[in-house]
Amino acid sequence: MDASPLIVFRKKKRGLFLSKHQTYEQRTEALITPILEENHFELVDVEFVKEAGSWHLRAYIDKEGGITIDDLTLVNHALSDLMDKNDFIQESYILEVSSPGLLRAFKKPRDYIRNLGNDVEVKLFAPISWEQDGKTYSDKEFVGVLKEYNAPAEDSVSGGKIVLGFEGEDTLEIEIKDIALIRRSIEF
């Protein structure tokens, strides 16, 4: 009889299991949301990441007209108190409340909607090909005007499409699932 160990693989269905860190992010989002709503701020993203040997819990917030240092301080103090009270993160971490900055990546439908008509930078996971003036082109990086944003659900960007406009009448339709990064294009 073979004495090799028995290895059993369990297949996880996509979307049913959250990692511990995703759970931290969701719970933090639930705690920060009432603070932001009370102050008319917007949650851009929450992330729990390890950098240079330390864990960082970051909340990115924004508001119409831009976020101030006083806004960041207010939210940081309120969130810090709630995090201490709820104490659900096992690891030691640094709490940061920050502005996402001008060159932030689009993560939510409102990011796309807010930037309709603006120049955007798009990077795809893989090149796409198209024909123009009898020639075939292939590329995976584009800068153009965000002409359209179409998503199947209000709270989701997956499954949607965008239309980029270029000089003249040229446009390119791109599925959001193919986009590795999309953000505002700003020339300095």
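Contact here means heavy atoms within 4.5 Å, and the views below are taken from a predicted model.

**View 1. Surroundings of Glu42 in strand 1**. Leaving aside residues up to four places away in sequence, Glu42 touches Leu36, Tyr60, Ile61, Asp62, Arg104, Arg110, Asp111 and Arg114. With a relative accessibility of 15%, Glu42 counts as buried, because the cut-off for that class is under 20% relative accessible area. Two polar contacts link the side chain of Glu42 to arginine side chains, one with Arg110 at 2.7 Å and one with Arg114 at 2.5 Å.

**View 2. The salt bridge between Arg104 and Asp62**. The side chains of these two residues, Arg104 and Asp62, meet with an N to O distance of 2.7 Å. Arg104 belongs to the loop between strand 3 and helix 3, whereas Asp62 lies in strand 2 (residues 54–62), so the pair ties together parts that are 42 residues apart in sequence. Both ends of this bridge are buried, Arg104 having a relative accessible area of 14% and Asp62 a relative accessibility of 14%. Side chains of opposite charge can pair when their charged atoms come close.

**View 3. The salt bridge between Asp45 and Lys107**. In this pair the closest N and O atoms of Asp45 and Lys107 are 3.0 Å apart. Asp45 is part of strand 1 (residues 42–51), while Lys107 sits in the loop between strand 3 (93–98) and helix 3 (109–114), so the bridge ties together parts that are 62 residues apart in sequence. The two partners fall into separate exposure classes, since Asp45 is buried at 18% relative accessibility, whereas Lys107 is partly exposed at 44%.

**View 4. The salt bridge between Glu175 and Lys177, and a network of shared partners**. The closest N and O atoms of Glu175 and Lys177 are 3.9 Å apart. Glu175 is partly exposed, at 32% relative accessibility, and Lys177 is exposed, with a relative accessible area of 54%. Elsewhere, salt bridges that share partners join Glu42, Asp62, Arg104, Arg110, Asp111 and Arg114 into one network. The model contains 16 salt bridges in total.

**View 5. The largest nonpolar core**. This core has 22 residues, and those with the most contacts inside it are Ile32, Ile61, Val75 and Leu79. Two or more residues come from each of helix 1 (20–39), strand 1, strand 2, helix 2 (69–86) and strand 3, with helix 1 giving the most, namely 5 residues. Apart from this core lies another, of 15 residues, among them Phe142, Leu146, Leu164 and Ile174. In soluble globular proteins, nonpolar side chains tend to be buried together.

**View 6. Helix 1 and its bend at Ile32**. The axis of helix 1 bends by about 30° at Ile32, and a proline, Pro34, follows within four residues. The 20 residues of helix 1 should span 28 Å at 1.5 Å a residue, and the end C-alpha atoms are 29 Å apart, which agrees with that expectation. Tyr24, Thr28, Leu31, Ile32, Ile35 and Leu36 are the buried residues of helix 1, and what covers them includes strand 1, strand 2 and helix 2. After helix 1 comes His40, whose phi is positive, near 60°.

Note on methods:
Residues are numbered from 1 along each chain as its sequence is written. This is a predicted model: local features need pLDDT of at least 70, side-chain atom pairs count only at pLDDT 80 or more; totals for chains, interfaces and linings use all residues. Side-chain values use heavy atoms; hydrogens and water are left out. A salt bridge is a side-chain nitrogen of Lys or Arg within 4 Å of a carboxyl oxygen of Asp or Glu. Buried means under 20% relative accessible area, exposed over 50%, partly exposed in between (1.4 Å probe, protein chains only). A nonpolar core is a set of buried Ala, Val, Leu, Ile, Met, Phe, Trp, Tyr and Cys residues joined through side-chain atoms within 4.5 Å. A polar contact is a pair of N or O atoms within 3.5 Å; within protein, one must be able to donate a hydrogen and the other to accept it, and residues adjacent in sequence count only if both atoms are side-chain atoms. The expected span of a helix is 1.5 Å times one less than its number of residues. The bend at a residue is the angle between axes fitted to the seven residues ending there and the seven starting there.
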